[in-house]
Amino acid sequence: MTTTDDGFLRHKHLFTFLNFWDENHDGILSWEDFRLLAEKFAKIQRRGRQPEKEVVERWQSIFEKWWNELTSYADSNKDKYVEFHEWLDFFKQLGKNTKSFGELPEFLKIYLQLFFLCCDANKDGLFCIKDYKKYIANLKMDTSKAQEHFDYMLIDEDRTNNENALNSDRFKATVYDFWVSMDPNSKGKYICGPFDSIPIEELEKRVKKKP
Ligand SMILES: [Ca+2]
Ligand SMILES: [Ca+2]
Ligand SMILES: [Ca+2]
C-alpha cells in the first residue's frame, strides 16, 4: 500500500478500531463489543475487583447511549453492525463538518473527557510523559519511542505554561487531530499510541465484513 493521505487516516483508525473498540476481536463493531467495554470500564473503576451490579449497570447505560449514537451516525446500511469502512466514513465526515473537538457529537465529547481522566494517571489535570508512558505500557503497546512521540505532540503552550504537558483542552484537541487529520505530519498522530508500530497490511487482515 502506498502512503497516501487516505492510507494514513486508515492506518490510525485501523489501529484504534481493532485495539480499543473491537473488544471481542471479530473485526467488526457490534453491541457485544460495547457491552464488553462497559464491563471492562466497570472493572477499571473498581481497580480490577469484581464490580457491583449497579456499577456495571451504570457503565452499560453509558455504553448503550454511545452505541446508539454511533450507529445513528455511522451504521449507514442500518444492519446494527459498524464495519470498518462505515467507521472510517464517519470520521471522514466529521473532519469535513467540524473544526474542533467542541463541535463533535455528544458521545465523542464524553469519550474524550473520560479518556483524559483515564490517561491522567496521577490526577493533576495534566497529561505528561509519565502518564503517556503508563498509558502505552498498560495497553501493552510498543514503548520504545514513547519519549520521542510525546515530544513530537508538544506545542509552545505545553512547554511554557504546563512544563511539557497537555492540559485537558490540549489533550482533547490532540485526540481530535488524531481522529480527523489527513496530514501525515500532524501533531496528534501518536496520542493514542504508536499506530505505525504495526504495519497497515497486518491490521487490514484483522478487519472483517458482516458475517
Ligand atoms: Ca467486534
Ligand atoms: Ca452497518
Ligand atoms: Ca497527570
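In this predicted model, F127 touches F116, C119, Y132, F150, A165, L166, F171 and I191 when residues up to four places away in sequence are not counted, a contact being heavy atoms within 4.5 Å. F127 lies in strand β1, residues 126-127, where strands (E, at least two residues) are DSSP runs numbered from the N terminus. With a relative accessible area of 0%, F127 is buried, the classes being buried under 20%, exposed over 50% and partly exposed in between, for a 1.4 Å probe and protein chains only. The C-alpha atoms of F127 and N162, which are 35 residues apart along the chain, are separated by 9.5 Å.

The calcium ion (ligand 3) has as protein donors D120 (OD), N122 (OD1), D124 (OD), L126 (O) and D131 (OD), at 2.2 to 2.4 Å; donors are N, O and S atoms within 2.8 Å of the metal, or 3.2 Å for Na, K and Ca, and sites may look incomplete because water is not among the atoms. The spacing of these donor residues in sequence is D-x1-N-x1-D-x1-L-x4-D, and D124 is partly exposed at 42% relative accessibility.

The calcium ion (ligand 2) is coordinated at 2.3 to 2.6 Å by D75 (OD), N77 (OD1), D79 (OD), Y81 (O) and, twice, E86 (OE), with the spacing D-x1-N-x1-D-x1-Y-x4-E along the chain. Y81 is partly exposed, at 25% relative accessible area, whereas E86 is buried, at 2%.

Residues are numbered from 1 along each chain as its sequence is written, and ligands are numbered from 1 in the order in which they are written. Local features need pLDDT of at least 70 and side-chain atom pairs count only at pLDDT 80 or more, while totals for chains, interfaces and linings use all residues, and side-chain values use heavy atoms, without hydrogens and water.

How values were computed
Helices (H or I, at least four residues) and strands (E, at least two) are DSSP runs, numbered from the N terminus.
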